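Hi,

Here is the structure for you to look through. My notes follow below it.

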Amino acid sequence: MANAIRALAMDAVEAAKSGHPGLPMGAADVATTLFAKFLKYDAADPAWPDRDRFVFSAGHGSMLLYSLLFLTGVKPVTLDELKRFRQLDSLTPGHPENFVTPGVETTTGPLGQGLATAVGMAIAERMLAAEFGDEIVDHRTYVLASDGDLMEGISHEAIGLAGHLRLNKLTVLWDDNGISIDGPLSLSDTTDQLKRFEACGWRAMRVDGHDPAAIARALRKAQASDRPTLIACKTVIGFGAPKKAGTSKAHGEPLGPEELAGAKAALGWTHAPFEIPDEILKAWRRVGKRGRNERKAWEERVAALAPDRRAELERRLKGDLPTGFADAIAGLKGRLAAEPATVATRKASEMALEAITAVTPELVLGSADLTPSNNTKTKGLTAISPGQYAGRYIHYGIREHGMAAAMNGIVLHGGLRPAGATFMVFTDYARPSMRLSALMGAPVVYVMTHDSIGLGEDGPTHQPVEHLAALRSMPNMRVFRPADAIETAEAWQLALERRDGPTTLSLTRQNLAPARRDGGAENRSAQGAYELSPADGEAAATIFASGSEVEIALAAQAQLKERGVPARVVSVPSLDLFLAQDESVRRAVVGTAPVRVAVEAAVRFGWDAVIGDEGSFVGMASFGASAPYKDLYRHFGITAEAVTEAVLRRHNRRG
Ligand SMILES: Cc1ncc(C[n+]2csc(CCOP(=O)(O)OP(=O)(O)O)c2C)c(N)n1
C-alpha cells in the first residue's frame, strides 16, 4: 500500500516535469500506518466535523497527500487529477491548497505554517469539547512535518504554545530524513529535536520510519500521552531510488526515466505508470471507509442533542453569526451617539467587544502578551490554561507568528472565530500567517493597536509607517483604520460579518475626539469611505483621512472655511475596501472638487489611487521618532495647518 503512494508520486512528478518525489517516497510508510490504523477519517465526507485532522505541513511533498486522497477515495480527487499534477485548474496544485482540494485541511508550502496551524486546530478541539462535551467533540490532530518545518522559527512558537497548553491530542510525525535542499542537514543544523520538544513540554520518541509496527506502537503511546507528542520517524528520502535515495537529489526534481524504473524495480512495483492494481486499491478504499461508522454514530449523537444545543452547534459549524449580532452593534452605536466618547480606538474596540462578546460565544480573543495595551480582554472573559479549556481568551505569549497561525487553525477547525492582538508594527512578525489567512479566505480578525507615530515615546521601532500600505496591498486582506468609537463598532461589525477573508483593525493608542454623532443602523464604513462632513457650499477641495487624522482633516476644514474656501471631508476607514468598489461608487465619494488632499500618519503609497498625481499628501516619508505624540505630529508636519496650507497652495495655483 505504501508503494502505491511512492509509485503515484514518482509518476505524477515525472508527468508534471516538476515536483518533489523524495518526501512521499520516504514518508509513505508513516502515512500508510497512520491512515490504515489510526486516523478517524471518512473519504466519503472528508470534512465531517469530528474527524481527526491530518495536517500535511511539508507542503512541497504534496503528492503524498494527493495520493492518499485518491487512494482512500475522496471522490473529486481522481486519477486524472493526479495526472494533471501542478497544471492550471487541477485539484492537485504544486502545494496543497485547502480551498482547491477537498480533504486538504490547510494550505501549506511555507515551511512551519502547517505545524503552527495544527496547534490552533488542537486548541479549537479542546475549547469546543469543553463547551459541547466529549460526545460531540473528540478528535485528534496529526501533523506530518519535515526537517524544514522544524527548523523554521515559527515551529518554536508553535511547540512552545502547544506544550504549555498540554495539547495531548496533538501528534507530530517528523519525517526525519536528515536531508534538505542544500544537502545533508549537518550542513546547517545540529539541534537535538527530541530534547527541544521535551524542553517545551512534549513527549518525544524515535522510531524507524520504515517499520510499520514500530510506527504503530509509537502512535499508540501518543494516544495515551498526557502531553503533545513528537514521533521522530527515521526515513530515507526517495526510498527505493537506486542512486538518489538518501540524497538531496531526491528532494525536488523528477527522478528521470532510468532512476524511476530502477526505483520501481527495487520496490517490486511492476505496474504501468498511474496503474494501481485492484487488490491494492481495494485495500486503500477500505481504509477510506474506516471512519464511516464513527461518523454515522457522531451524526446520531448530534441528532439526539436538545434542539437548542443542536441548533447552536449547527450555527457555529456553519459560521453564521447569531441573530442578536446586528442589534448589539446598533445598540452600541446608539449609545455612542447619545454619549459621544473621546477615547482611543483601542479602547473603543474594547467597548465594541463588550457588546459583541455578550452575543457571540464563538468569538475567541487573545493577545501576544499585550493584553492591557491591546484592550482585547473584556470583562467576563476567562482565559484557557493547561488542561482547562473552558474559556474565551488565549494568552498566546510573545509569539505573534505562532498566534496568527494558530488563529488560522482555530478558524479552519470550525465552530470558533478567533481575534488576536499585538502592536501594528509587529504585523511584520505575523505576516506569513496573515498572508495565508488572506490566501485561504480565512476570516481571522487581527487587532493591531498603537498604529502610528501617535503611540509617541516608544519611538520608531514601535511606530508603523509602511504597515498600512503593506497590508492594504495584500490581496484579500481587509484593513480598517477607524476614526472614532462609532467607526470602530462598524469595523468590528464588518470584520465579523466577513466570511471570506481576514480583517486587520488598525487602532490608536491615543485618544480621539468623536467624528460621528449618528448612531443609525446603517454601516457607513461598509463601502470603505464616505463623506463625513460636507462642504459649506460648492466644494473647492476634498480632504481624505483615516483614523486619527480625521480629526486633523475636520480642523483643516474649519480653518479653510474661515478663509472662504469650502472643503469637504471624506473619512476613509478602509482604503482597500473603498478601492474595490464600483467606479460609480468611487466617483460619487471622491467627488468633483478640484483639489484633493489626503492626510494619514503613514507613507503615501496607495493614496495616489484616490488623490491622483495632482493630489497632495500630508503624512510620513521616513521612520518616526521618540517623543510625546503631539510633538511628533508637529515635528513631522501632520497638522491641520499643514493640510490647510496644502489645500490653499493648490487652490490658489488653480485660482
Ligand atoms: C518558509 C520556507 N522557506 C523555504 C522554502 C523552500 N523549501 C522547500 S522544501 C525546503 C527544505 C527541504 O528540506 P526538508 O524540509 O527536509 O524536506 P525534504 O528534503 O525532506 O523533502 C525548502 C528550503 C519553503 N517552502 N518555505
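Which residue in strand 9 does S367 stand opposite? S367 stands opposite A421.

First, the ground rules. This is a predicted model, where local features need pLDDT of at least 70, side-chain atom pairs count only at pLDDT 80 or more, and totals for chains, interfaces and linings use all residues. Residues are numbered from 1 along each chain as its sequence is written, and side-chain values use heavy atoms, with hydrogens and water left out.

Now the strands (DSSP runs of E, at least two residues, numbered from the N terminus). Strand 7 covers residues 363-367. Strand 7 pairs with strand 9, residues 417-423, in the parallel sense over 5 bridges. Pairing takes at least two DSSP bridges between two strands. Strand 8, residues 393-395, also runs parallel to strand 7, with 3 bridges. There, G366 has I394 as its bridge partner.

In strand 7, 5 of 5 residues are buried (under 20% relative accessible area, 1.4 Å probe, protein chains only). L363, L365 and S367 point one way. V364 and G366 point the other way. In a regular strand, side chains alternate between the two faces of the sheet.

Next, the ligand. It has 15 residues around it, and H60, G109, S146, G148 and N177 come nearest (near means a heavy atom within 4 Å). Polar side-chain atoms lie close to ligand oxygen atoms: 2.7 Å for H60, 2.6 Å for S146 and 2.8 Å for H251. Each is a polar contact (a pair of N or O atoms within 3.5 Å).

Best wishes

Terms used. Polar contact = N/O pair within 3.5 Å; in protein donor to acceptor, adjacent residues only side chain to side chain. Buried < 20%, exposed > 50% of the residue type's maximum accessible area, 1.4 Å probe, protein only. Helix = DSSP H or I, 4+ residues; strand = E, 2+ residues; numbered from the N terminus.
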